[in-house]
Amino acid sequence: MTAARRFWIDGSYKLGYIGYGIYGRPGDLKVCGGCPGADAHQAERLAAEQALALVPDGEAITLYTDSLPVIAYYAAIRVERVRLTVTYLKASDVYHRIAHELANRGRAQAYRQR
């Protein structure tokens with residue numbers, strides 16, 4: 001059995017656009033994107049959904065987030081495709097900072113493409 005994939009996720013909102021950032025380990029996976037959106041909570045949920053999409057069926061994944069609504073959402077639903085753990089982290093975490101920068105980049109790209 002392999003170790004769980006770990007993803008630090010963050011979302012960004014500004015001027016009607018959201019962005020998501022994902023930093024993954026093991027390895028040095030960096031993913032970002034964006035689209036029109038309503039608020040930062042929507043951006044955080046999008047980040048979580050995109051991170052889950054990166055993991056093959058049956059594998060273990062840990063999401064690290066500073067979003068309590070994301071933690072509450074995944075605590076309330078059953079995810080059967082992967083073995084999921086969602087945990088809270090401080091915004092000062094170095095890997096979270098990378099995800100935050102990626103989220104800002106994704107939001108800015110979406111804004112420029114409007």
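Which residues does S12 touch, not counting residues up to four places away in sequence? In this predicted model, S12 touches Y17, I18, G19, A43, A103, N104 and R107 when residues up to four places away in sequence are left aside. S12 lies in strand 1, which spans residues 5-14, and because its relative accessibility is 7%, under the 20% limit, S12 counts as buried. One of its contacts is polar, since the side chain of S12 meets the side chain of R107 at 2.7 Å.

The sheet to which these strands belong is open and has five strands in the order 3-2-1-4-5, with mixed pairing. Strand 3 (29-36) and strand 5 (83-88) stand at its edges, and because each has a single partner strand, one side of each is left without a neighbour in the sheet. From one strand to the next, the twist averages 20 degrees. Strand 2 (residues 17-25) and strand 3 run antiparallel and are joined by eight bridges; within this pair, I18 stands opposite C35 in strand 3.

Two helices can be described in relation to the sheet. Helix 3 (residues 94-112) packs on the sheet and touches strand 1, strand 2 and strand 3, its direction making about 145 degrees with that of strand 2. Helix 1 (residues 40-53) lies across strand 1, strand 2, strand 3, strand 4 (60-65) and strand 5, and runs at about 40 degrees to strand 2.

The structure holds five salt bridges, among them the three listed here.

| Salt bridge | N to O distance |
|---|---|
| E59 and R5 | 2.7 Å |
| R45 and E49 | 3.5 Å |
| E80 and R78 | 2.9 Å |

The salt bridge between E59 and R5 links the loop between helix 1 and strand 4, where E59 lies, to strand 1, where R5 lies, so that the pair ties together parts that are 54 residues apart in sequence. E59 is partly exposed, with a relative accessible area of 22%, and R5 is likewise partly exposed, at 30%.

The R45 and E49 pair belongs to helix 1, and because these residues are four apart, about one helical turn separates them. R45 counts as partly exposed at 28% relative accessibility, and E49 is partly exposed with a relative accessible area of 37%. In the salt bridge formed by the side chains of E80 and R78, both E80 and R78 are exposed.

Key
Residues numbered from 1 in each chain as written. Predicted model: local features only at pLDDT ≥ 70, side-chain atom pairs only at ≥ 80, totals over all residues. Heavy atoms only, no water. Buried < 20%, exposed > 50% of the residue type's maximum accessible area, 1.4 Å probe, protein only. Polar contact = N/O pair within 3.5 Å; in protein donor to acceptor, adjacent residues only side chain to side chain. Contact = heavy atoms within 4.5 Å. Pairing = 2+ DSSP bridges. Axes fitted to C-alpha atoms, helices over the stretch in contact; angles between N-to-C directions. Salt bridge = Lys/Arg side-chain N within 4 Å of Asp/Glu carboxyl O.
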